[in-house]
Amino acid sequence: MLWFWILLRIVLSPILYLGWWPRNRGMRNVPKRGPALLVSNHLSFADHFFGPLPLMRPIFFIGKGEYFTGTGLKGLISKGFFTGVGVVPVDRTGGSAGEAALQTGLRILGEGKLLGIYPEGTRAPDNRLYRGKTGVARLALKSRVPVIPMAMINTFELMPPGRPYPRLGIRPGVRFGAPLDFSRYYGREDDREVLREITDEIMQAIRELSGQEYVDRYAAEVKAEMVGQQVRPVDDGGLDDGD
């Protein structure tokens, strides 16, 4: 992770700034040291680059183990890339995927790092904001760290699904909001109504930062319908980066 972050700062940062002139704001809301939970919308593959870009410390994300288990050259490249952009594989030994992701997130925060979470659970199928999954609320209550809303701007237009390279002429950016306080709910991480209330408050904060239209449905359900599949809308936590 560290080598890629250094590469991003030294080599890629000037390219990204000169090529796209990103508009960033609110960086002072992110602590310069110690753990924090960054909760963001997820519009594009480009989020992995333009989200952490203005910060002076790396952001770690929870990712599917499949990103790291490929074979051959393709598998090696995939593992190297996702490791480099801060994705930590979920250790599913001894628990469900949701519980494993929670424990992985708590470990990352316990090490004093920044943890990034996409509460929608997957990239949005369009430029709207979708219903958040409640795993982010459980993590916020169990970790008791600062929760920072984070909004990616114009990254969907910059690099929509299926496009291998970002467009020129689009100015992306990221906005970090003021920390959210959920201390009034500490100790109630098993209360489903509390988890839903916290998650909805997080999504509202992201919406205010991003200006997106909100859709009270899960993004994965909508994406499946777009390709003619039927899915059962289940809130499975949504802590890992389900691109």
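**Entry 1: a salt-bridge network**

I looked up Arg107, Glu111 and Lys113 and found them linked in a network of salt bridges. This is a predicted model, so I treat every value here as computed. Between Glu111 and Arg107, the closest N and O atoms are 3.5 Å apart. Are these two buried or exposed? Neither: Glu111 is partly exposed at 42% relative accessible area, and Arg107 is partly exposed at 43%. My textbook reminder is that side chains of opposite charge can pair when their charged atoms come close.

**Entry 2: helix H4**

Next I turned to helix H4, residues 97–110. Its 14 residues reach 20 Å from the first C-alpha to the last, close to the 20 Å expected. Which residues of H4 are buried? I noted Ala100, Ala101, Leu102, Thr104, Gly105, Ile108 and Leu109. After H4 comes Gly112, with a positive phi near 80°.

**Entry 3: the cores**

I then checked the largest nonpolar core, which has 29 residues. Among those with the most contacts inside it are Leu37, Leu115, Val147 and Phe182. H4 is one of the elements that each supply at least two residues of this core, as are strands E2, E3 and E5 and helix H5. Helix H7 gives the most, with seven residues. I picked Val147 for a closer look: beyond its neighbours within four places in sequence, Val147 is in contact with residues including Leu37, Ala140, Phe182 and Ile202. There is also a second, separate core of 22 residues, with Met152 and Leu55 among them.

**Entry 4: Leu129**

Leu129 sits in strand E6. I call Leu129 buried because its relative accessibility is 0%, and the cut-off is under 20%. Leaving out residues up to four places away in sequence, Leu129 touches Asn41, Glu120, Met203, Tyr214 and Val215, among others. The C-alpha atoms of Leu129 and Gln204 are 9.6 Å apart, though 75 residues separate the two along the chain.

**Entry 5: around helix H8**

Where does Arg131 find its salt-bridge partner? Arg131 pairs with Asp216, their closest N and O atoms being 2.9 Å apart. Arg131 lies in the loop between E6 and H5, and Asp216 in the loop between strand E9 and H8, 85 residues away along the chain. Arg217 bridges to Glu221 at 3.1 Å. Arg217 is partly exposed at 30%, whereas Glu221 counts as buried at 16%. The buried residues of H8 are Ala219, Glu221, Val222 and Ala224, and strand E6 is part of what covers them. Just after H8, Gly228 takes a positive phi of about 80°.

Note on methods. Residues numbered from 1 in each chain as written. Predicted model: local features only at pLDDT ≥ 70, side-chain atom pairs only at ≥ 80, totals over all residues. Heavy atoms only, no water. Buried < 20%, exposed > 50% of the residue type's maximum accessible area, 1.4 Å probe, protein only. Helix = DSSP H or I, 4+ residues; strand = E, 2+ residues; numbered from the N terminus. Contact = heavy atoms within 4.5 Å. Expected span 1.5 Å × (residues − 1). Core = buried A, V, L, I, M, F, W, Y, C linked by side-chain atoms within 4.5 Å. Salt bridge = Lys/Arg side-chain N within 4 Å of Asp/Glu carboxyl O.
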